[in-house]
Each structure stands twice: as structure tokens, then as C-alpha cells.
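Me: Could you take me through one part of this structure slowly, as if I were new to reading models? I would like a close look at the sheet in the first chain, and then at what surrounds it.

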Amino acid sequence: MGNLIFKFFNLQIRDMKLTLKIWRQDNATTKGKMVDYPIDGIEGDMSFLEMLDVLNEELVVKGEEPVEFDHDCREGICGSCSLQINGEPHGPDRLVTTCQLHMRSFNDGDTITIEPFRANAFPVVKDLIIDRSSFDRIQQAGGYVSVNTSGNTIDANATPVNKEDADDSFNAATCIGCGACVAACKNASAMLFTSAKVSQYALLPQGKIEATERVQAMVRQMDEEGFGNCSNTGACELECPKGISLENIARMNREYMSATTEG
Amino acid sequence: MGGIIKSSVARKFAMALSGLFLVFFLLQHFTINITSVISPDMFNELSHFMGTNFLVQAILQPVLIFGVVFHFIMGLTLEIQNRNARDIGYQNYNGSANSSWMSRNMIYSGIVILAFLGLHFYDFWFPELVHKYVEANPEDPTRYYEETIAKFENPVRVGLYVISFIFLMLHLLHGFASSFQSVGFNNKYSKALQGFTKAFAIIIPLGFIFIAVFHYINHL
């Protein structure tokens, strides 16, 4: 109730006491476990990662090993932060990454579980850090357009693009490859990521030349990485911090089946 | 079967097509069954046609059986592959925050429907095979209505049918709309289509429940 009043009047919530249940794992080969960390003095305007910084400072002072977690830009565009918070990727808020999640989304006295994104294709490196190079390999398999750079490159602006296609392509390209789609999916499927990368090129004239090979190569690589199959639960779309739409998966399915029948 | 259709996209495409085929069959089955409530003569006539027509018996029935077996084996194969994609699960997984119960539990609703099909075959299909091919009885276009309603005199059977159709409803609530997404149909008409699929998923199983309960109450 107290928190609701604070939120209603947009007041800063100060001195929250929380219990963190955090996945600790020494390295990729050891077994991990959940460890409890009580923490207090947390302010509502802190970001989730700043709260973890506070915890780590305390752990270092105590001579304990700090909790390892991925982060880089801390403004929601790099896709580095990747935490499963209270059972959801990037926590309970929508259209935000973990670094954009603020502690005012939680209540004083809460217990918060923090785990790494789980998928066999995202092996844990240490604590909350995972290896997402499987996404890089999917991208390398076909997520590009071949452009002649020998001096006669055609200016992109010289090629007319339908406004609707340009917007859809741009929206698909806002995928930051954080892996929340895989983390949220009960099947650990990477269809939303792969379809966004397929779509951003498939919609543009520059990307149509390699469209057939691209979709086949990227889907093949996605399958080889060991991701699960899509069963259209829609969890990926809802948890995606960039709001990548399921329309991209439908587009990839169309592109793939048409590429396969073309041979 | 996962080995035959190699890519994940092709597998979901095949799963969707077999599902759409079964939905079409369900509508046809319901259309005939509902006549048992309206007109016993019409029900007898249609049942006799379905039971004796060469095209239905020699082509459509084997295709239907293949469709059911394919849908089940493919569903099971996909479920195993999906479970193998995440060996270490979450300590805390809040699936209900981002997806419906139906979409996350298609395998369980599917298994209940498969068990129901076993009961349904035991009740109708196997006795029909015995009647036609083992006992080699002469054709009797008037027997179907009485044979059917006799099955619904047992309250346990009616109860099992009702439960099964509730699971069919749950299965269709996700599966029917999902199959259009799988075949790549997601556009400005999708919202209207989703409304239609949801209505279908509720109305058809409720209709089957109505038929079973109607015949049970009618015999009391």
C-alpha cells in the first residue's frame, strides 16, 4: 500500500529492503545453485543493474566474489543485459531491457529471483553471464546484403522503397539480439530473433537478391544451434524489449516455404 | 518424423496443415452429428452415405487416419525436441505472465484428445468394422441412429465425452489460430480471423457436448 501511494504521487521510494535469490555458478563446467542475498538501502530510482552494483560493492567489501552479469550501454540499445527476473526476461515491465528496469517496479520486502537466460544454445559462462554467440552465427549465416564497394556503390537513397516496407524493415532491425525471446519461450525457440533478421532484409529491394539463400541458411543455422521449435505462444513478442512482432515469424515462414519450393 | 521434415519451419508448417485438415474434418463430423438431434432419418441417410461411399471409405478415411497419426507423432516429436532445447530449467518461470495456458500445454490437451479417440474408436469405429467386415452383415441404412443414441445412455461415457470436448476446446483455442500463423498468414485480416477461430473453438466442442447430453437426457 505504501509503495502504491509513493507511485501515485511519483515520489521516490527510499530504503527498500529486499531478498535477492541469485544463480551462482563458478564456470561453464560446474554446477550452479541459487544463493540468497539480503540487501537494503535500495532506492526506487535505481536501475536494476545499479542495485546489483550496490550488492557487488558489499560483496567485495566482505571479501566475497561479486556476482558476474553482462552489461554495456545501460541505455537499452546494446542487448548485453540478459537477466531472467522473477520468471520473466528483463523483469516484469514491458518494452524495457534489464538496464532500463527500475527498482520502483518492486515493493519493499520483495524476494527477487535472478537467473541467467536459459537455453542449451545459451550456455552459462559464469553466474548470470551466458554465451550468445549462437545468435552471431545465425547472423553470419546470411544476415547481410552483399554490396559492391569497389567504387561504383549505388547510393541507398537512389533506390525507392515503399514506406510501409521501410517502416516494417526498420522495426525488424530494432532487434538488439538480447535473447529475451529465447529466454521467454517455453521451447527456447529463436524464431523471433531469426525472423527479425530475415525480415529486415527481405523487405528491402537491396535484400531481395539473396533472399532465397538467406532464409534457408539462417534457419539451417538456427536449427543446428539447438534452439527449440516455435509453437506460437506469443511469449517472445510480449517479452521483447523492442516489441518485435510475430508478423516477422509469419513472414519468415512464407519466405522459407517459398524459398524451399523454388529449390 | 522429425528426420523426414528436417527444418523447424517446415515441421511447424506440416503441423499446421495437418491441424487445419483435422479442423475441417471436425466441422464435417459435427454437421452430420447435429442432424441426430434434428432428424433421425437424415442422420441415418448421411451416416449410411459416409459408411458405404467408395470415395469416403477408400480415400478420405485413410487420409484422415494418416492425418491424425501424423499430427500426433509430429506433435510428440516437436515436444521432445523442445524439451531437449533447455536441459536446465528456470527456478522461477512465470509463463502465465506472457502466454496462455492453452498455448503452453498443447501436448496435454492433445494427449487427452488422443485418449478420447481411443474411446471413440472403441465405441463406434471398431464395432462398425466388425459389423461390416467380420460379421459381414447386410447393409441396413436405418441402424445408425439407434446404435448411436444407445451409446449415450451411459452417464460415465457422456461424462468422458464432455471432459474430452472441453480439452478439445482448449486445444483448438490455441491451435486453430496458431496454424494460420505457422503457414505465414499474419496480416490486417488476422484479428478478424482470430475472432472466427476462437468462436469456432468454443462453438463446435460445445455443440458436440450438447449432442451427447441431449441424447442422454432424451433417454431418461
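Reply: Happy to help; we start with the sheet and then move outwards to the domains and the partner chain.

This is a predicted model, in which local features need pLDDT of at least 70, side-chain atom pairs count only at pLDDT 80 or more, and totals for chains, interfaces and linings use all residues. Residues are numbered from 1 along each chain as its sequence is written, while chains are lettered from A and ligands numbered from 1 in the order in which they are written.

In chain A, 5 strands make an open sheet with mixed pairing, in the order E2-E1-E5-E3-E4. Helices (H or I, at least four residues) and strands (E, at least two) are DSSP runs, numbered from the N terminus, and two strands pair if DSSP finds at least two bridges between them. At the edges of the sheet sit strand E2 (33-42) and strand E4 (88-89) of chain A, each pairing on one side only.

Now look at the E4 edge. Strand E3 (residues 83-85) of chain A is joined to E4(A) by 2 bridges, and the two run antiparallel. Here Gln84(A) stands opposite Pro89(A) of E4(A).

Next, find helix H2 (residues 48-61) of chain A, which lies across strand E1 (16-24), E2 and E3 of chain A. Its direction is at about 100° to E2(A); axes are lines fitted to C-alpha atoms, for helices over the stretch in contact, and angles run from 0 to 180 degrees between N-to-C directions.

Stepping back, chain A is assigned domain 1 (2-126) and domain 2 (133-262), with bounds from an automatic or database domain assignment. Taken over C-alpha atoms, the centres of domain 1 and domain 2 of chain A are 30 Å apart. Their contact takes 18 residues from domain 1 of chain A and 16 residues from domain 2 of chain A; two residues are in contact if their C-beta atoms, placed from the backbone, lie within 7 Å.

Finally, meet the partner chain. Chain B has 34 residues in contact with 39 residues of chain A. On the side of chain B that touches chain A, the elements giving two or more residues are helix H1 (8-38), helix H3 (54-84), helix H4 (101-104) and helix H7 (155-182) of chain B. H1(B) gives the most, with 6 residues.
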